[in-house]
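Please follow the helices of this chain in the order given below, keeping the sequence and the model side by side. The account moves from one helix packing to another and then to single residues.

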Amino acid sequence: MKNTIIYVIAVIAATGGLLFGFDTGVISGAIPFFQKDFGLDNSMVELVTSAGLVGAILGALFCGKITDILGRKVVILASAVIFTIGALWSGFAPSIEQLIIARLFLGIAIGVSSFAVPLYIAEISPANKRGSLVSMFQLMITIGVLASYLSDLMFADEGDMSCWRPMFYIGVVPALILLIGMAFMPESPRWLISRGRDEEGKSVLARIEGNEAMEDSYKTIKNELIKSEKDKSGIKELMKPWLRNAVIIGVGIMFFQQFVGINTVIYYSPKIFLMAGFDGAVSAIWAAVGVGVVNLLFTIVSVYFVDRLGRRKLYFTGLTGIFVSLLLLGICFTHFSYLREMGKWLSIILVFVYVAFYAISIGPLGWLIISEVFPQKVRGLGSSLGSLSVWVFNTVVTFTFFKIVKAFTVEGTEIYLDGENLGNPAGAFWFYAIVALAAIIWGYFYVPETKGVTLEKIEEYWRKGGKPRHLR
């Protein structure tokens, strides 16, 4: 019974990930239509896309401390309300300025949910199930991305340039599911105990772990809180030497998660497939749906193996595959004029392979690890730092993609679409491949093996000055 409760709580909370994925992915199918509807160039498209990311930065920046004060549940509920309003506003937007503001507002909810949901699930999960349960957040992100692609496909109409509006409206549905579902979920037991609400915390622990395990968990949590009584919960605490590795891990893994270029595929996949030779926006969205399916299927693989094989094995397997597939993708686009039809299909296969390796590794592992490595006193603040990092890096990658494509295009390899010089993405893919290689080297030293290790033991390990790669 208790296992059922844990999974129900995790699935409902992870709906925040579905919203995150939906609102991240829906923009890709809407771009070709609102670009023509408002008469925008690629720079304005980057601005609309980046507006949501700037909002996510603001959400992650200002809500970390609030999450530690008000609780995980309250903040997730607030994000659901913002998601609902933001989806309606985006669909209604009568001008490009209104659309940019609406995406900025909606981005706040994405930023908040991106750290509050994994944090909540990590704190409510038993150690032996934490990896798979927190990874459900990434799984729901991939379901959200796929749902957004299917939604885009359902409403896409090349004869009606305003068809992008219902693509945004449909986001209200999962927002209401999260809002209603979370209203009936318990607060994090670790947060309750840290705020002196011990009986409430013990009651939640008993529901999810059983009465016998509850006593042991309660004592462990209480002991760690006693050890950290002298610690403060502000940003200065994160700067202390014993937490240096946790901060490096939280920021570093999110840097590499974004700078291997995944969101260029999520946001701009229809555009990339148009470059590869697909005819029309609808056929390009169909190819993007394939990306969503692959992303979902291999995230399921990761959820299954993360508590069996461990974090490090998945990390190195995935990053090696990402490096190789990006290298080959660059070669494919370099010889685009010679490969022609074969190049079109090779490019889509390599994109699928790249997404598959990302989905089994650094995609879910980034969100999982930042929810594990910080101590109770600053876990909300630490997780928000990791989330803030991901949105800053995401914004940089997204806003610079077309610029990198143009800057790294070798003369004579340009791709033209409707008379427009789009450049060639080969150089951009090679740039991301170099980052993937750097991620492998960095990961050897800094990716910890947290499989089956309680959050309290991880905290104790940092206090003893342990090195990340030796954590077991």
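In this predicted model, the axes of helix α12, which covers residues 244-259, and helix α19 come within 8 Å and cross at roughly 25°. Because angles under 35 degrees count as roughly parallel, α12 is roughly parallel to α19. The crossing in which α12 passes α19 is right-handed. On the α12 side the contact is made by Val247, Gly250, Val251, Met254, Phe255, Gln257, Gln258 and Phe259, and on the α19 side by Leu385, Gly386, Ser389, Val390, Phe393, Asn394, Val396 and Val397. Sorted by class, the contact of α12 with α19 holds 10 nonpolar and 6 polar residues, with no charged residues.

Helix α19, which spans residues 379-407, also contains Ser387. Is Ser387 buried or exposed? With a relative accessibility of 0%, Ser387 counts as buried, since buried means under 20% relative accessible area. Apart from residues up to four places away in sequence, Ser387 touches Ala60, Gly111, Ser114, Phe115, Trp367 and Ile370. With one of these, Ser114, there is a polar contact between side chains, at 2.4 Å.

Trp367, a residue touched by Ser387, leads to a second helix pair, for Trp367 of α18 is among the residues in the contact with α5. The axes of helix α5 (residues 130-155) and helix α18 (residues 362-370) come within 9 Å and cross at roughly 125°. The two helices, α5 and α18, are therefore oblique to each other, and their crossing is right-handed. From α5 the contact draws on Arg130, Gly131, Val134, Ser135, Phe137, Gln138 and Ile141, while α18 contributes Gly363, Pro364, Trp367 and Leu368. By class, 6 nonpolar, 4 polar and 1 charged residues make up the contact of α5 with α18.

Which residues does Arg130 contact, leaving aside its neighbours within four places in sequence? Arg130, placed in helix α5, is in contact with Ala122, Ser125, Asp307, Arg311, Leu368, Glu372, Thr450, Val453, Thr454, Leu455 and Ile458. In keeping with the cut-off of under 20%, Arg130 is buried, having a relative accessible area of 1%. The side chains of Arg130 and Glu372 are joined by a polar contact of 2.9 Å. By contrast with this list of contacts, Val173 is 43 residues from Arg130 in sequence, and the two are 28 Å apart in space, C-alpha to C-alpha.

Elsewhere in helix α5 is Met154, and this residue is exposed, with a relative accessible area of 59%. Met154 and Gly386 are 232 residues apart in sequence, and their C-alpha to C-alpha separation in space is 35 Å. Gly386 itself is one of the α19 residues in the contact with α12.

Between α18 and α19 there is a loop, and Ser371 lies in it. Ser371 counts as buried, at 1% relative accessibility. The side chain of Ser371 reaches the backbone oxygen of Leu368 at 2.6 Å, and Leu368 is among the α18 residues in the contact with α5. Not counting residues up to four places away in sequence, Ser371 touches Pro118, Leu119, Ala122, Val134, Arg379, Ser383 and Leu455. How far apart in space are Ser371 and Gly250, C-alpha to C-alpha? These two residues, Ser371 and Gly250, are 8.8 Å apart in space and 121 residues apart in sequence.

Leu455, which is touched by Ser371 and is also in contact with Arg130, belongs to helix α21. The buried residues of helix α21, which runs over residues 455-463, are Leu455, Glu456, Ile458, Glu459, Tyr461 and Trp462. Just after α21, Gly465 takes a positive phi of about 80°.

A last residue to place is Ile208, in helix α9, residues 198-209. Ile208 counts as buried, at 2% relative accessibility. The C-alpha atoms of Ile208 and Glu460 are separated by 24 Å, the two residues being 252 residues apart along the chain.

Note on methods
Residues are numbered from 1 along each chain as its sequence is written. This is a predicted model: local features need pLDDT of at least 70, side-chain atom pairs count only at pLDDT 80 or more; totals for chains, interfaces and linings use all residues. Side-chain values use heavy atoms; hydrogens and water are left out. Buried means under 20% relative accessible area, exposed over 50%, partly exposed in between (1.4 Å probe, protein chains only). Helices (H or I, at least four residues) and strands (E, at least two) are DSSP runs, numbered from the N terminus. Axes are lines fitted to C-alpha atoms, for helices over the stretch in contact, and angles run from 0 to 180 degrees between N-to-C directions. Angles under 35 degrees count as roughly parallel, over 145 as roughly antiparallel, 65 to 115 as roughly perpendicular and the rest as oblique. A crossing is left-handed if the near helix is turned anticlockwise from the far one by less than a right angle, and right-handed if clockwise. Contact means heavy atoms within 4.5 Å. Ala, Val, Leu, Ile, Met, Phe, Trp, Tyr, Cys and Pro count as nonpolar, Asp, Glu, Lys and Arg as charged, and the others, Gly among them, as polar. A polar contact is a pair of N or O atoms within 3.5 Å; within protein, one must be able to donate a hydrogen and the other to accept it, and residues adjacent in sequence count only if both atoms are side-chain atoms.
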